[in-house]
Amino acid sequence: MTAGVDLGRPQAQAIRSDEDVVRVRQLVRTVAVAVKLSLVDQTKVVTAASELARNTLVYGGGGTVEVGTVDNGTRRGVRIVFVDSGPGIADLDLALTDGYTTGRGLGLGLSGARRLVDEFDIQTAVGEGTRVTVTKWSR
């Protein structure tokens with residue numbers, strides 16, 4: 001247990017308000033410290049999580065996140081899965097384009113979040129919502 005977080009299983013958090021976005025940042029930071037990510041990598045994964053949590057809230061109408069640890073036998077990492085049942089992303093290629101913004105986020109967008117993590121996967125369908133999975137590995 002680390003600061004009330006059971007690292008043996010993913011921790012779920014609803015994303016329904018700005019306060020929940022802050023809680024997501026805190027949870028990701030706690031797990032990143034527990035798996036011994038460097039300070040730079042902690043900052044990267046927390047920043048990516050903040051942007052993705054905000055997207056879940058603003059564009060997805062709210063949703064959930066699961067934050068957990070992963071281990072590939074040589075390294076540990078943080079895996080974060082964001083899920084919403086919002087409108088989905090109509091033009092995923094455009095949304096993943098560097099510099100694309102709707103002007104309401106931190107300005108990083110999906111492409112910025114993707115650059116901050118080691119693994120990035122997005123599944124979306126119009127009218128069905130979006131699922132974004134990111135992983136940051138220890139070095």
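**View 1. The largest nonpolar core of the predicted model, with I80 and F82 as the residues that touch the most other members.** This core comprises 31 residues, and within this set I80 and F82 make contact with the greatest number of fellow members. The elements that each contribute two or more residues to the core are the helices α1 (18-34), α2 and α4 together with the strands β2 (63-71), β3 (76-84), β4 and β5. The greatest contribution comes from α2, which supplies seven residues. In soluble globular proteins, nonpolar side chains tend to be buried together.

**View 2. The surroundings of I80 in the predicted model.** When residues up to four places away in sequence are not counted, I80 touches V28, V45, A49, V65, E66, V67, V132, T133 and V134.

**View 3. Helix α4 (residues 109-116), a mostly covered element.** Six of the eight residues of α4 are buried, namely G109, L110, S111, G112, A113 and L116. The cover over these buried residues includes the helices α2 (39-58) and α3 (92-95), as well as the strands β4 (119-125) and β5 (129-137). Helix α4 is also among the elements that give two or more residues to the largest nonpolar core.

**View 4. S111 and its contacts outside the local sequence.** S111 lies in helix α4, and it counts as buried because its relative accessibility is 3%, where the cut-off for a buried residue is under 20%. Once neighbours within four places in sequence are left aside, S111 is in contact with A95, L96, T97, D98 and G99.

How values were computed
Residues numbered from 1 in each chain as written. Predicted model: local features only at pLDDT ≥ 70, side-chain atom pairs only at ≥ 80, totals over all residues. Heavy atoms only, no water. Buried < 20%, exposed > 50% of the residue type's maximum accessible area, 1.4 Å probe, protein only. Helix = DSSP H or I, 4+ residues; strand = E, 2+ residues; numbered from the N terminus. Contact = heavy atoms within 4.5 Å. Core = buried A, V, L, I, M, F, W, Y, C linked by side-chain atoms within 4.5 Å.
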